[in-house]
Amino acid sequence: MFPLIYNNFLFRLVAFFSVLLGLYILFPFQIVSADGHSSNDTNSGLNYLFAVFFVIWIFFFGYIFFLTRRIKEMKKEVDFLKEELDKKE
Amino acid sequence: MEPFTDTQQPHFLNRNKIRIFLASIVLIGALIYFAVITFQSAMVYYYTVSEIQEEPATLPGRMVRVSGKLVPDSFNRDQGSTLAFFELTDGENVLIAQHDGIIPDLFFNEHSEIILEGSHDPSDRFISHNVIVKCPSKYVAMEEESKLDTQ
Amino acid sequence: MIRSALFLLSFVSTLVLIYLIFMWVPTERTLGISQRIFYVHVPIGWVGMVSIVVVGVASVVHLITRNNFWDAIAYSAAELGIIFATLILLTGAIWAKPAWGVWWTWDPKLTTTLILWFIYVGYLMVRTFSQGPTGRMYASAVALLGAIDAPIIYLASVWWRSAHPPLNIGPLAEQEMSLDSRMLITLFVAIVTFTVFYIYLMVERFNFRRVEDKLDEVHQYVSVNL
């Protein structure tokens, strides 16, 4: 196999969220009770709605970034193969 | 086999084995943890008010969830204090509860069902650590309600 | 041609969906504006659950036919699935805070969804760290677990007591018309939008995966023959 670790970026992303989840598992009550503010104005509901859209966009752009990186890696791989072929000839 | 990576092969394999090992430990550990957390304390996510008063499983000091509706006008909190006293009902029985901390606004809505996370104290009062407000099961548009009100 | 059509369709319907969610749909009586998260949370959940079933079915067909076409579908669906599964949990947490008062609780639907997330992670880890036929076989076993988990998630709030409401939509929904008609239309548009977007992403990722496989083949060929 070519010495590139496939999906390195995905691996890091997953690792990051695993750590976050681990924190939840270790301190569930602390996290829940530390954040206690709530307000009744309609704007706060809108903020949550925007937060959701923000997160969704971030993820899809992140995924495009990950795919672009993969394309770059593949380009390098093709160049490497070309070089090897040139050497052999 | 593969001339480019021959020199790296043993190192690569070792790292992979360690990684697979670590990954499986994390995964198995997490799954066991969830299984325990979901089924150890209670087979159900919450008890009703009547169940919690009858079940011997809900001994004092044990963490359980209990669900019910707020008894109208039972909510009582001193000015400037965070300690609140209130009663929950499932239509048959009433549970006296207390909660120390911030209470979400939907708590006071007549349509809301309330889930308390906490335990009984020896005097049978329910000490809540966490308040969760359950979604109404039907979504009703705002205008529709105002139309109904005028009828 | 199909790709451009899918892209255009998902682009237009996303615009329509954003208009519907922010401008058109009525606000819910008790939950307020935050209830509009429903129109993205539900379709994302739908896609996340469908995706693991696609992974499971494609893996099994691959094991039977040994055709790499199916393997590429399984892998692409898993990679997209983990994004949607993460988004289910995140959008759910953001909605749970204003609706329930907590970010997270060990509700059966949430727990089974978290298990689905771990199944996706497990599948991709097995695929990444052990390549070749054995790796694929283990991975398909993981995917089948997920395919069992998906209907459990869907029915969790019916089978067990849950903080989630019982099913709002689908053939198994108990109540007739539990949604306002405009809410129903918005939800329908949202589900169509996310499904089309998912199919578009699948087509793109699948083609990309095929190129990756081809490159691997070339690599093998070069290393063996030269």
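Author: A crossing is left-handed if the near helix is turned anticlockwise from the far one by less than a right angle, and right-handed if clockwise. The model is predicted: local features need pLDDT of at least 70, side-chain atom pairs 80 or more, while totals for chains, interfaces and linings use all residues. Residues count from 1 along each chain as written, with chains lettered from A and ligands numbered from 1 in written order.

Reader: Which hand does the crossing of α2(C) and α5(C) have?

Author: α5 covers residues 133-159 of chain C. Where α2(C) passes α5(C), the crossing is left-handed.

Reader: At what angle do these two helices, α2(C) and α5(C), pack?

Author: Axes are lines fitted to C-alpha atoms over the stretch in contact, and angles run from 0 to 180 degrees between N-to-C directions. The axes of α2(C) and α5(C) lie 8 Å apart. Their packing angle is about 145°.

Reader: Which residues of α5(C) does S59(C) touch?

Author: Contact means C-beta atoms, placed from the backbone, within 7 Å. S59(C) sits in α2, residues 38-65 of chain C. Leaving out residues up to four places away in sequence, S59(C) touches A74(C) as well as three residues that α5(C) brings to its meeting with α2(C). Those are A139(C), S140(C) and A143(C).

Reader: How far apart in space are S59(C) and A74(C)?

Author: In sequence, 15 residues separate S59(C) from A74(C). They also touch. C-alpha to C-alpha, the distance is 5.7 Å.

Reader: Is S59(C) buried or exposed?

Author: Buried takes 20 or more other C-beta atoms within 10 Å, exposed 12 or fewer, and partly exposed falls in between. S59(C) has 27 such neighbours, so it is buried.

Reader: What share of chain C is made up of buried residues?

Author: Chain C has 226 residues. Its C-alpha trace spans about 70 × 40 × 30 Å along the principal axes. The buried share is 50%.

Reader: How many helices does chain C have?

Author: Helices are DSSP runs (H or I, at least four residues), and strands are E runs of at least two. The pattern along chain C is α-α-α-α-α-α. There are zero strands, and the helices number six.

Reader: Which helix supplies the largest share of the side of chain C that touches chain B?

Author: 35 residues of chain C contact 38 residues of chain B. α3 (68-100), α4 (108-129) and α6 (181-225) of chain C each supply at least two residues of that side. The largest share, eight residues, comes from α4(C).

Key. Contact = placed C-beta atoms within 7 Å.
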